[in-house]
Amino acid sequence: MAALGSPARTLRGLLRELRYLNAATGRPYRDTAAYRYLVKAFRAHRVTSEKLCRAQHELHFQAATYLCLLRSIREHVALHQEFHGKGERSVEESAGLGSKPVVSHVASRIAVRYAMDCVT
Amino acid sequence: MWRSCLRLRDGGRRLLNLPPAGLTASVPRAPARAYAPPTGGFEINLDHRKLKTPQAKLFTVPSEALAIAVATEWDSQQDTIKFYTMHLTTLCNTSLDNPTQRNKDQLIRAAVKFLDTDTIWYGIEIGSSTSIMGPSIPAKTREVLISHLASYNAWALQGIEFVVTQLKSMLLTLGLVDRHLMVEQAVLLSRLEEEYQIQKWGNVEWAHDYELQELRARTAAGALFVHLCSESTTVKHKLLQD
């Protein structure tokens, strides 16, 4: 069986993704059907003692999968907006490429774009 | 914009969630529901209109969780609808419309085709190979696998075939479907060669990370789709005893 970590951690991750999703609309994420469903499902499958519970494991696996889906989509969209679909660079942008490295804000770590090396 | 799921049961339709945008949390919640086995399915309402598939069929999914996940996908769209982020909606549309008109046998064959070029091997039945062609698969293994796949319904098979084509591996897909591997692990294993190259030459964010996140999202969507379409959930409450 895959190592999943604690269910509470997965739930917190899911709620964080829901907050991100609803940040744009300004609607509280607690009003969404997804929030109510997730909280209810996690409550219903809570076990009170340290028993191996297959149903809980299945639910947790699904929750972890859903968390992976939401997180990956968010990061994919961020990368897409950062690097794709913008068309050509303007003259000013191209001229400024060599002078200062562009630090990406997408990934959590700071990475200097390798494309810069190719251009300069 | 607000969306809600409708449940088709007893011929009548009840709203699952009522609060439209702009109202506060004081709006009464939907009444508690009895979880009888659903006979119809779940629909999505998009601004009071029913969601349809590209072929104008009614968008109906077999599981409540799937309906809510699809509704959440639509809910998270902002000024433009980005279909490339709506993997679950796409999978449901494909299952409902079946645009390529494939039946279960064809789906299974399409999935098993990847077994011959699978780069991840384990188990004795399959054997291992150091040549580029891969070992020949015993006919027995193939038969067992086909009969195992045939036990899934058409929706789940559609999801399985989707995951196989993403991961390019039958075995990784089975590991994911049977919950032995998490999505992140399966994706890592399917990209072993690429990861090696990244370690050696460095990571390029706009190519490697972009593909990684896309692959993860697609694989997670497919795995979730398979799980939600192949399970039936019943909750049994303990009887209180004096």
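**A walk through chains A and B**

His48(B) is exposed, with a relative accessible area of 59%. This histidine sits in the loop between strand S3 (41-46) and strand S4 (49-50) of chain B. His48(B) is not a glycine, yet has a positive phi of about 70°. The model is a predicted one, and the values that follow are computed from it.

A second residue of chain B can be described in the same terms. Gln101(B), also not a glycine, has a positive phi of about 55°. Its place is the loop between helix H2 (87-97) and H3 of chain B. With a relative accessible area of 61%, Gln101(B) counts as exposed, because the cut-off for that class is over 50%.

These two loops belong to a chain with five strands and nine helices. Read from the N terminus, chain B runs β-β-β-β-β-α-α-α-α-α-α-α-α-α. Of its 242 residues, 47% count as buried. Among the contacts in chain B that join residues at least 6 apart in sequence, 60% link residues at least 24 apart.

Helix H3 of chain B, residues 104-112, follows the loop that holds Gln101(B). The N-terminal end of H3(B) is capped by Asn103(B), which places a side-chain oxygen 3.3 Å from the backbone nitrogen of Asp105(B). Further along, Leu107(B), Ile108(B), Ala110(B), Ala111(B) and Val112(B) are the buried residues of the helix. An α-helix has 3.6 residues a turn, so residues three or four places apart point the same way. The buried residues of H3(B) pack against three other helices of chain B: H4 (139-150), H5 (154-167) and H6 (170-177).

Helix H1 of chain B contains Ala67(B). This alanine is buried, because its relative accessible area is 0% and the cut-off is under 20%. Ala67(B) and Glu195(B) are 128 residues apart along the chain, and their C-alpha atoms are separated by 35 Å.

Next comes the interface between the chains. The size of an interface is often given as the accessible area lost when the parts come together. Chain A and chain B bury about 4,000 Å² between them, and 63% of this area is on carbon and sulfur atoms. Phe61(A), Gln62(A) and His76(A) supply 15% of the area that chain A buries against chain B, more than any other three residues. Counted by residues, 42 of chain A are in contact with 47 of chain B.

Ser72(A) gives a local view of this interface. The residue is found in helix H3 of chain A and counts as buried, at 2% relative accessibility. A polar atom of the Ser72(A) side chain lies 2.6 Å from the backbone oxygen of Cys68(A). Leaving aside neighbours within four places in sequence, Ser72(A) is in contact with Gln213(B), Arg216(B) and Ala217(B).

Residues of both chains also line the second largest pocket, where 19 residues form the lining and Leu21(A), Arg74(A), Val77(A), Ser76(B) and Gln78(B) lie nearest the centre. Two or more lining residues come from each of helix H1 (7-23) and helix H3 (54-83) of chain A, and from helix H1 (64-75) of chain B. H3(A) gives the largest share, eight residues. By class, nine of the lining residues are nonpolar, six polar and four charged. The space in this pocket is about 490 Å³.

Terms used:
Residues numbered from 1 in each chain as written. Chains lettered and ligands numbered in written order. Predicted model: local features only at pLDDT ≥ 70, side-chain atom pairs only at ≥ 80, totals over all residues. Heavy atoms only, no water. Buried < 20%, exposed > 50% of the residue type's maximum accessible area, 1.4 Å probe, protein only. Helix = DSSP H or I, 4+ residues; strand = E, 2+ residues; numbered from the N terminus. Contact = heavy atoms within 4.5 Å. Polar contact = N/O pair within 3.5 Å; in protein donor to acceptor, adjacent residues only side chain to side chain. 1 Å grid on protein atoms, 1.4 Å probe; cavity = no way out; pocket = protein on both sides within 12 Å on 5 of 7 lines; lining within 4 Å. Points joined across faces, edges and corners; volume = space filled by probe spheres on them. Nonpolar A, V, L, I, M, F, W, Y, C, P; charged D, E, K, R; others polar. Buried area = accessible area lost by both parts, 1.4 Å probe.
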